[in-house]
Structures are given as structure tokens and as C-alpha cells.
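My notebook is open, and I have two things to look up today: ring pairs and a helix pair. Here is what I am looking at.

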Amino acid sequence: MATRDYEAPRVSPVVLELEQLDKGSAVALVGHPLHVLMVHFPIAFVISTLGVDVFYWWSGDAFWARVGLWTAGMAFWTGLAASIVGTAELLLVRGIRVREASWSHAVAAMTLLAIAAASWGLRLTDPADILPHGLALSALASVMVGFAGWHGGKLVFDHGIGIMVSAKH
């Protein structure tokens with residue numbers, strides 16, 4: 001049986017050029033990238049809103065409707081803050097901007113932000129409509145958290161996007 005020397009797979013010159021681009025964070029506080037730090041809050045509030053809506057559905061207790069108003073509002077406002085920082089990263093850092101996955105994450109996150117705004121707005125204007133519409137919106141938001149989070153996680157863990165502070169900024 002003949003032996004073959006192992007040949008390393010050839011890497012596309014486009015991929016090599018992409019990997020050489022700066023992909024560090026341009027928006028940081030004391031050396032810590034802000035977007036990566038901030039996204040945990042809207043994720044927690046979106047999932048909490050779904051849990052609170054389920055408790056409201058089961059119990060009918062108005063307490064859970066009031067809690068849902070607060071968690072939905074915090075999901076929107078912390079999501080808005082994280083999206084502002086994320087958009088700044090996207091626009092300021094070429095190594096982030098040129099990746100398709102960055103744009104998929106941004107679109108999913110903006111869709112999530114719109115759903116969170118609708119959920120909070122519904123609770124502000126018509127609390128009686130929490131069941132079924134508020135519950136449906138919080139369930140949809142939770143699904144979108146998974147989708148946006150998966151894309152964001154791929155950017156961080158597979159590509160090392162935005163986890164270090166850029167040397168250029």
C-alpha cells in the first residue's frame with residue numbers, strides 16, 4: 001500500500017485576506033468590548049417576559065401582568081442600548097462589516113428589537129390584550145433571541161469578532 005504525504009488544505013486568498021482584517025471592538029470601556037457585555041441583559045429580559053406571561057396565563061394574577069410590563073420594557077430599552085453599540089461596531093470595524101454573518105446577526109437583532117417594542121407597546125396601551133397577543137409576542141421574541149444569539153455566538157466563538165479591543169481605536 002502506497003503512502004501519501006499529507007497535504008494541508010489550500011486556503012482561499014480571499015479567506016486569508018479576510019482573516020487579516022481588524023475584527024476587534026471599537027467601542028469599549030476600560031478594555032472591555034461593550035456590545036459583548038450588554039447583550040446579556042435584553043436576552044434575560046426577553047426570556048423573563050415569556051416566563052412572566054406563562055405565569056400570568058396560568059394564574060390570572062394581575063401582578064404578573066405588571067411584571068410583564070416592566071420586563072418587556074427593559075427588554076426593549078436594554079436591547080436598544082445593545083443595538084446602538086452593536087451598530088457602531090458594525091459600521092466602524094471593517095473586519096466585522098465585511099462578514100455576511102455580521103449582517104445576519106444585525107438583521108435578526110433588529111427584528112428582535114421590533115418585536116420587543118411591539119410587546120412593550122401592547123402592554124402599555126392595552127394590558128387586557130396580553131393574552132393571547134402579548135404571550136405570542138414574547139414567545140416569538142424568545143425564538144428570535146435564539147436565532148440572533150446563535151449568529152452572535154458564531155461571530156464571537158468561531159471568528160473571534162469583537163472580543164478584543166481594536167489596536168486601531
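**Aromatic rings**

I searched the whole structure, which is a predicted model, and got 6 aromatic pairs.

I started with Phe-55 and Trp-64. Their ring centres sit 4.9 Å apart and the planes make 50 degrees, so I wrote this pair down as tilted. To be edge-to-face, the planes would have to be over 60 degrees apart.

Next I checked Phe-63 with Trp-64. The centres are 4.9 Å apart here, but the planes are at 70 degrees, so this pair goes down as edge-to-face.

Then I wondered: are these residues buried or exposed? Phe-55 has 39% relative accessibility, so I noted it as partly exposed. Phe-63 comes out at 39% too and is partly exposed. Trp-64 has a relative accessible area of 24%, and that makes Trp-64 partly exposed as well. Buried would mean under 20%.

Putting the ring pairs together, I found that they join Phe-55, Trp-58, Phe-63 and Trp-64 into a cluster.

**Two helices**

I moved on to H6, residues 100-125, and H7, residues 133-159. Their axes come within 8 Å and cross at roughly 160 degrees.

How do H6 and H7 run, roughly parallel or roughly antiparallel? Angles over 145 degrees count as roughly antiparallel, and H6 and H7 are therefore roughly antiparallel to each other. I also noted that the crossing of H6 and H7 is left-handed.

Last, I sorted the residues in the contact of H6 with H7 by class: 15 are nonpolar, 10 are polar and 1 is charged.

Definitions and conventions:
Residues are numbered from 1 along each chain as its sequence is written. This is a predicted model: local features need pLDDT of at least 70, side-chain atom pairs count only at pLDDT 80 or more; totals for chains, interfaces and linings use all residues. Side-chain values use heavy atoms; hydrogens and water are left out. Axes are lines fitted to C-alpha atoms, for helices over the stretch in contact, and angles run from 0 to 180 degrees between N-to-C directions. Helices (H or I, at least four residues) and strands (E, at least two) are DSSP runs, numbered from the N terminus. Angles under 35 degrees count as roughly parallel, over 145 as roughly antiparallel, 65 to 115 as roughly perpendicular and the rest as oblique. A crossing is left-handed if the near helix is turned anticlockwise from the far one by less than a right angle, and right-handed if clockwise. Ala, Val, Leu, Ile, Met, Phe, Trp, Tyr, Cys and Pro count as nonpolar, Asp, Glu, Lys and Arg as charged, and the others, Gly among them, as polar. Rings of Phe, Tyr and Trp (its six-membered ring) pair if their centres lie within 6.5 Å; planes under 30 degrees apart count as stacked, over 60 as edge-to-face and the rest as tilted. Buried means under 20% relative accessible area, exposed over 50%, partly exposed in between (1.4 Å probe, protein chains only).
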